[in-house]
Amino acid sequence: MNPQDIIMVTASLASMAAGVALPGLAEPLAAMPRTTLIFMLYMSFLAVGLEDLQAQLRTMKGPLCRLTVYRLVLLALVCFAVFRICMPQFALGALLLGAAPVGVMAAVFSLMLGGNTALILVGNIATSLLLPLTLPLLLSGTDAGLRLLGLAPLAMPEHLHLGKMSFSLALTILLPFAAAHLTRVHLHRLRTALLNAQFPLLTGAVVVSNCAIFSAYSGLLRQSPAFMLRALLAACLLCLLMTLAALPLTRGMPRQLKLAFLISCGVINNVLLMIVCMEFFSATEALMAAAYLVPLYILLFYYRLCSRKPPLGA
């Protein structure tokens, strides 16, 4: 444990509690989840660009492709299958969150723990830019496969328009990507200053985002705490599943690369998926995405254990 671990986890959990305790924040902070998400994406895209993605494709094509497919498709299908059996109410949420891109905080965790941060940064770009294409295809393909097998289809809203969802995702992701590219090319001093202050800036963004998210759901949480507990249980189970599912993939990998894969599988951009769920799906999926913030930051302790170097001769 180091001071940054404690600051990150304490600030995250305290801001969630503050949001629940202060429902009056919901209206003034209504636009903050999307705004802070765009800022956090901007910060993650600021560190690397398309040239870095091309370089990683040349030097680490295999690991990057495996990470991308695992993160956007395979984990989602595994989690969906498990949830269809044990928690069917949250199966759609598990599919959506299981297909989330690598989270912005993954690179911060990696820097704190000594993982392969370059792979995580490039993986964040690749999975984020591909999401507007892969998520609608995954939803429609899964639904079609279930119908073909004679099983109950996905419980998607009748009004859901996958094309509009894809456009909304593309807009949310491409705007900060374009802004970060312009900053990287033309504003070198600003880029350096922002990256030097990355930890406090992202921690502050997390605090504001958490307050906004949990204050918006404060009324529901107070009226139906049992529903919140089920959503939290579902989020914790999803986190556990994705963490365990990553272990076979990391067998035999060097320590830094193993850490990168473990972090990328557990630290997802759940806020992006929460905004998608709020806009296109039901409160069940949105609340599960919000509740994932709790196990996400607790994962930092697990990654800290994984980052320890084995003793000499072990």
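This report walks through the internal cavities, a kinked helix and one buried asparagine in a predicted model.

## The largest cavity

Let us begin inside the protein. The count comes to two cavities of 30 Å³ or more. The largest cavity has a volume of about 160 Å³. It is lined by 16 residues, and those closest to its centre are Met40, Met105, Asn270, Val271 and Tyr297.

If you would like to find this cavity by its surrounding elements, look to four helices: H2 (32-47), H10 (198-216), H14 (270-280) and H16 (293-306) each supply at least two residues of its lining. What classes of residue make up the lining of the largest cavity? There are 11 nonpolar and five polar residues, with no charged residues.

## The second largest cavity

The second largest cavity holds about 30 Å³ of space. Its lining is made up of Arg34, Ser168, Leu169, Thr172, Leu272, Ile275, Val276 and Glu279. Two elements, helix H8 (162-186) and H14, give two or more residues to this lining.

Which helix gives the most to the lining of the second largest cavity? That is H14, with four residues. H14 also supplies at least two residues of the lining of the largest cavity, so it is a handy helix to keep on screen while viewing either one. By class, the lining of the second largest cavity has four nonpolar, two polar and two charged residues.

## Helix H4 and its kink

Next, a helix worth tracing along its length. Helix H4 covers residues 61-86, which is 26 residues. From its first C-alpha to its last it reaches 36 Å, close to the 38 Å expected at 1.5 Å a residue. Where is the kink in H4 centred? The centre is Tyr70, and the kink is about 45°.

Tyr70 is also one of the buried residues of H4. Before it in the helix, Pro63, Leu64, Leu67 and Thr68 are buried. After it come the buried residues Arg71, Leu72, Leu75, Ala76, Cys79, Phe80 and Phe83.

## Asn124 in helix H7

Our last stop is a single side chain's surroundings. Asn124 has its place in helix H7 (residues 117-148). Why does Asn124 count as buried? Its relative accessibility is 3%, and buried means under 20%.

Leaving aside neighbours within four places in sequence, Asn124 is in contact with Ser44, Phe45, Val102, Gly103 and Val104. Of these contacts, Ser44 lies 80 residues from Asn124 in sequence, yet the two are 7.8 Å apart in space, C-alpha to C-alpha.

Note on methods: Residues numbered from 1 in each chain as written. Predicted model: local features only at pLDDT ≥ 70, side-chain atom pairs only at ≥ 80, totals over all residues. Heavy atoms only, no water. 1 Å grid on protein atoms, 1.4 Å probe; cavity = no way out; pocket = protein on both sides within 12 Å on 5 of 7 lines; lining within 4 Å. Points joined across faces, edges and corners; volume = space filled by probe spheres on them. Nonpolar A, V, L, I, M, F, W, Y, C, P; charged D, E, K, R; others polar. Expected span 1.5 Å × (residues − 1). Bend = angle between axes of the 7 residues up to and from the residue. Buried < 20%, exposed > 50% of the residue type's maximum accessible area, 1.4 Å probe, protein only. Contact = heavy atoms within 4.5 Å.
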